[in-house]
Amino acid sequence: MKTNSNSYTIIYSAVIVVIVAFLLAFVFQALKSKQNANVALDQKKQILNSLNIRDLGNEETEATYKKVVKSEQKVNEGTIYTCDINGQTKYVFTVKGMGLWGGINGFISVNDDKNTVYGAYFNHEGETAGLGAEIKDNADWQKKFQGKKLFKEGDTQNIALSVKKKVENTSNEVDAVTGATLTSNGVAEMLSNKEKGLGQYLEFLNKK
């Protein structure tokens, strides 16, 4: 076959595409288990972050998670993790929502009274660095959730915990991230959402 013919070029290109596709598929499969392990480890770190246990190495994370997290149960589209912190029961709830540029999610830990926030950690898929990304990167902002109440007194059917640009109720509201109004609104909606937020856990939260 002539190397400068059209048929040679087409066949050569097709062979190269097949070889590259095979190599990519092989590499993907070879690394898949490691990638899955890294994703699982990162989630464990996020859960521990919500319990105010931060900055652990990989091995320390695995050991601490095994010691702290006692069980997990699926509820609708979320998960509840029952944990033990120094002999005290804490519940960690997964929440999901939308920020300005993509999905946001988080973990909210609550004391055994099922009302008082013990800690919080939030993550994002694509927020603006220094603005919306602050929900993930700013540990001081996350700490503002500690001690807040999920419910207003006398109303346990609606999640009152929220993020506000102007805080009026210090028991239930947290200051919004400066310069990231839409992302902050996304966090507020995520917290109360009855499908993917804390609202989906109302039956569990009301069961004493």
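# Exercises on a predicted model

Phenylalanine 93 stands opposite isoleucine 108 in β4. The exercises below concern a predicted model, and they start from this residue.

## Exercise 1. The sheet around phenylalanine 93

Establish the strand order of the open sheet and identify its edge strands.

*Solution.*

Step 1. Begin with the pairing of β3 and β4, which is antiparallel and extends over 9 bridges. Phenylalanine 93 and isoleucine 108 face each other within these two strands.

Step 2. Move to the other side of β3. There β2 and β3 pair in the antiparallel sense over 6 bridges, and isoleucine 85 stands opposite glutamine 88 in β3.

Step 3. Continue beyond β4. Strand β4 (residues 103–111) pairs with β5, again antiparallel, over 7 bridges; asparagine 105 has asparagine 123 of β5 as its bridge partner.

Step 4. Assemble the whole. The open sheet has 5 strands in the order β1-β2-β3-β4-β5, with antiparallel pairing. Its edge strands are β1 (69–75) and β5, each of which pairs on one side only. From one strand to the next, the twist averages 20°.

Step 5. Add the helix that covers part of the sheet. Helix α2 (residues 58–68) lies across β1 and β2 (78–85), and runs at about 75° to β1.

## Exercise 2. The aromatic partners of phenylalanine 93

Classify the aromatic pair of phenylalanine 93 with tyrosine 201 and that of phenylalanine 93 with phenylalanine 204, and state which parts of the chain each pair ties together.

*Solution.*

Step 1. The structure holds 6 aromatic pairs. In the pair of phenylalanine 93 and tyrosine 201, the ring centres are 4.9 Å apart and the planes make an angle of 50°. Planes under 30 degrees apart count as stacked and those over 60 as edge-to-face, so the intermediate angle makes this pair tilted.

Step 2. Locate the two residues. Phenylalanine 93 lies in strand β3 (residues 88–98) and tyrosine 201 in the loop between α5 (181–192) and α6 (202–205), so the pair links parts that are 108 residues apart in sequence. Both phenylalanine 93 and tyrosine 201 are buried.

Step 3. Apply the procedure to the second pair. Phenylalanine 93 and phenylalanine 204 are 5.9 Å apart, centre to centre, with 70° between the planes, and the pair is edge-to-face. Since phenylalanine 204 belongs to helix α6, this pair ties strand β3 to a part 111 residues away in sequence.

Step 4. Compare burial with the limit of under 20% relative accessible area. Phenylalanine 93, at 0%, is buried; phenylalanine 204, at 18%, is buried as well.

Step 5. Combine the results. Tyr91, Phe93, Tyr201 and Phe204 form one aromatic cluster.

## Exercise 3. Two loop residues with positive phi

Determine where asparagine 86 and lysine 114 lie, and decide whether each is buried or exposed.

*Solution.*

Step 1. Recall the general expectation: most residues other than glycine have a negative phi.

Step 2. Asparagine 86 has a positive phi, near 55°. This residue belongs to the hairpin of β2 and β3, which has 2 residues between the strands. With a relative accessible area of 79%, asparagine 86 is exposed.

Step 3. Lysine 114 also has a positive phi, near 60°, and occupies the loop between β4 and β5. Its relative accessibility of 8% makes lysine 114 buried.

Step 4. Examine the side chain of lysine 114. Its charged end sits over the ring of phenylalanine 204, 3.9 Å from the ring centre. A further case of this arrangement involves lysine 90, whose charged end sits over the ring of tyrosine 118 at 4.2 Å from its centre.

## Exercise 4. The nonpolar cores

Identify which residues of the largest nonpolar core touch the most other members, and which element gives the most to this core.

*Solution.*

Step 1. The largest nonpolar core has 30 residues, of which Phe122, Phe145 and Leu198 touch the most other members.

Step 2. Assign the contributions. At least two residues come from each of β3, β4, β5, α5 and α6, and α5 gives the most, with 4 residues.

Step 3. Distinguish this core from a separate one of 12 residues, which includes Ile47, Leu51, Cys83 and Val92.

Step 4. Inspect phenylalanine 145. Neighbours within four places in sequence aside, phenylalanine 145 is in contact with Val117, Ala120, Phe122, Leu161, Val163, Val174 and Leu191.

How values were computed:
Residues numbered from 1 in each chain as written. Predicted model: local features only at pLDDT ≥ 70, side-chain atom pairs only at ≥ 80, totals over all residues. Heavy atoms only, no water. Phe/Tyr/Trp six-rings, centres within 6.5 Å; stacked < 30°, edge-to-face > 60°. Buried < 20%, exposed > 50% of the residue type's maximum accessible area, 1.4 Å probe, protein only. Lys NZ or Arg CZ within 6 Å of the ring centre and 35° of its normal. Pairing = 2+ DSSP bridges. Axes fitted to C-alpha atoms, helices over the stretch in contact; angles between N-to-C directions. Contact = heavy atoms within 4.5 Å. Core = buried A, V, L, I, M, F, W, Y, C linked by side-chain atoms within 4.5 Å.
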